[in-house]
Amino acid sequence: DIAPGSEILETSLGVLHEVFGYDDFRGPQADIVSHVGGGGDALVLMPTGGGKSLCYQVPAIVRERAGRGLTVVVSPLIALMHDQVGALLEAGVAAAFLNSSLSLEDAQQVEKQMLRGELTLLYAAPERLTTPRFLALLDSLQERGRLSLFAIDEAHCVSQWGHDFRPEYRALAVLHERYAGVPRVALTATADDLTRADIVERLRLQDARTFISSFDRPNIRYQLVEKKDASTQLQRFIRDEHMGADGHDAGIVYCQSRRRVEEVATLLCEAGFNALPYHAGLDAAVRQHHQDRFLREEGLIMVATIAFGMGIDKPDVRFVAHLDMPKNIEGYYQETGRAGRDGEPATAWMAYGLQDVVNQRRMIDESPAADEFKQVLRGKLDALLTLAEASDCRRVRLLKYFGENSQPCGNCDNCLTPPEMHDATEAARKLLSCIYRVQQASGTAFGAGHIMDILRGKATDKVKQYGHEKLSTFGIGADLSETQWRALLRQLIAREAVEVHDAPYNTLHLAGAARDILKGQSLVQLRALADKAGGSARSGR
Ligand code: ADP
Ligand code: ZN
């Protein structure tokens, strides 16, 4: 039977050496395998590449050898199931998977193996697990005391606050209700407080022990730049930082839309880079082919929507670039986490601009979700925007978001070249009063472009049409460039002094935090901008 504490650890170490060929557990793995091996429930939060798989594979083997029977692994990723089962079989572990890629006969074969007690690990898609047919199989094992452990991988999929909600995960609550005595371990690489609480609640893990690893990925250098001409900036970034003697590094470039993916992939190829597109609109065979090439060949750039990446284990991705801002920090962290899994230096580069904020806001506003839900999404977007606008250490902020305190890292753009800050309170007040005056004078709100024209004293047709050249705020901001005004506006949006409403079209409105700034009670700092400082990002080199 299963022995307690140190003995389990010893047995687990034996399995680690003998089956996996590794010398030692990493970080919290030792504690986790002891706890789970001994039948405890666990919630494991560990960054990508941290070694989550061993946290259930080792206990599965230990428990099977102690006569406890089968471990069922819930995973949403077919590709990952294939890889893991392949690796386990190679290591001599009896493993199999059940998912939609199997023929009926093959699936029945696996079910038979399962019932005969021939398997140590079975990987199954969540929708499969909760079918009456599959539950009947589990019942039969359970009756014979041969159901050992449930491992729920990518557990954040259960939460609508997570970035990858999968409704099928909700039904996994049945595991707890129907097989109350069977231990469960849930694992994820990203979960902020809200998502974490949701996982605990939805999967009934209130009594589980939580294991949180540091989310820091010290080898990843974070660089967030203001978007001007994103694809030119991207090319310059790759040329400057990811060019070797025999070509460029392997990287992933994320874009918001399929159309943009195609455009950027074409642009990169025309500029002599080795790039391939990947998005859900491509034929499945083409997608598979591009993915295989990315994994196999060196120095390939995958230009993709977020459809690409989950479950792709390529250790030497040297950069992840975002040409559009993601929805929230969790998504950003998950996507950038695909860089540098081998621990060697890698870059997470993002270009962001006002239009990104406006687009993301609009997607939230136009979604059919409930208001309370939209409010949460807006909050998450704001947190990312605040990270982008930050002038202090990116890593400190990123880790803080996941509940970790840390010191400035020395390996992000702001640490390496601290931005020059200047007081922009006066400019902020001009911008806020302009938004206010214009709305008051015309009884309707206007978009950023029009407000900038008024501030900068540009008597466009539209300005004249509304008589806005007669306003007291006309021309009061001629000293700043449009780029600078936009940067300031982004910051005011991030600070919730300005809101963008989508009806009738991206109009600007004063919001809660505007009052303190207008009254001079709250200061606004602005990063000195490239065009004022005289040159592009390259000039410092
Ligand atoms: P995750 O699922 O958390 O992203 P994996 O389980 O895929 O991480 O592990 C990442 C890599 O680290 C794999 O190549 C794995 O074999 C390796 N690894 C994990 N734990 C150890 C260990 N204790 N010793 C050596 N290598 C390990
Ligand atoms: Zn830093």
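**A walk through the fold, starting at Arg204**

Arg204 sits in the loop between α9 (193–202) and β7 (209–212); helices here are DSSP runs of H or I with at least four residues and strands are E runs of at least two, numbered from the N terminus. The model is a predicted one, in which local features need pLDDT of at least 70 and side-chain atom pairs count only at pLDDT 80 or more, while totals for chains, interfaces and linings use all residues. Residues are numbered from 1 along each chain as its sequence is written, and chains are lettered from A and ligands numbered from 1 in the order in which they are written.

What is odd about the backbone of Arg204? Its phi is near 50°, a positive value, in a residue that is not glycine. Arg204 counts as partly exposed because it has 16 C-beta neighbours inside 10 Å (20 or more other C-beta atoms within 10 Å makes a residue buried, 12 or fewer exposed, and anything in between partly exposed, with C-beta atoms placed from the backbone).

Step back into α9, the helix that Arg204 follows. Which residues of α9 are buried? Thr195, Arg196, Asp198, Ile199 and Val200 are. An α-helix has 3.6 residues a turn, so residues three or four places apart point the same way. The buried residues of α9 pack against β1 (42–45), β6 (184–188) and α13, where a contact means C-beta atoms, placed from the backbone, within 7 Å of each other.

Glu154 has a backbone much in the style just described for Arg204, so to speak: phi is positive, about 50°, although Glu154 is not a glycine. You'll find Glu154 in the loop between β5 (147–152) and α8 (173–178). Is Glu154 buried or exposed? It counts as buried, because 24 other C-beta atoms lie within 10 Å of its own.

Now follow α13, one of the partners of α9. Tyr332 belongs to this helix, which covers residues 329–336. With 27 other C-beta atoms within 10 Å, Tyr332 is buried. Set aside the neighbours within four places in sequence, and what does Tyr332 contact? The partners are Pro326 and Leu384. Tyr332 and Leu384 are 52 residues apart in sequence, yet their C-alpha atoms are 8.3 Å apart in space.

The other partner to follow is β1, again from the list for α9. In the loop between β1 and α3 you meet Lys52. Lys52 is buried, since 23 C-beta neighbours fall inside 10 Å. Not counting residues up to four places away in sequence, Lys52 touches Val44, Met46 and Leu187. Cys255 is another matter: 203 residues separate Lys52 from Cys255 in sequence, and their C-alpha atoms are 28 Å apart.

Lys52 also turns up beside ligand 1. Around this ligand there are 13 residues, and the nearest are Tyr22, Arg26, Gly51, Lys52 and Ser53 (near here means a C-beta atom, placed from the backbone, within 6 Å).

On to the helix pairs. Two packed helices are described by the angle between their axes and the distance between the axes. Helix α2 (residues 29–37) and helix α3 (residues 53–65) come within 9 Å, axis to axis, and cross at roughly 40°; axes are lines fitted to C-alpha atoms over the stretch in contact, and angles run from 0 to 180 degrees between N-to-C directions. The two are therefore oblique to each other (under 35 degrees is roughly parallel, over 145 roughly antiparallel, 65 to 115 roughly perpendicular and the rest oblique). From α2 come Gln29, Ile32, Val33, Val36 and Gly37, and α3 brings Leu54, Cys55, Tyr56, Val58, Pro59, Val62 and Arg63.

How are α14 and α15 arranged? Helix α14 (residues 354–366) packs on helix α15 (residues 371–389) at an angle of about 165°, with axes 10 Å apart. They are therefore roughly antiparallel to each other. On the α14 side, Val357, Gln360, Arg361 and Ile364 meet Lys374, Leu377, Arg378, Leu381 and Leu385 of α15.

Last stop: Gly410, in the loop between α16 (394–401) and α17 (413–416). Gly410 is exposed, with 11 other C-beta atoms within 10 Å. Its C-alpha atom is 9.9 Å from that of Arg394, 16 residues away along the chain.

Note on methods
Two residues are in contact if their C-beta atoms, placed from the backbone, lie within 7 Å.
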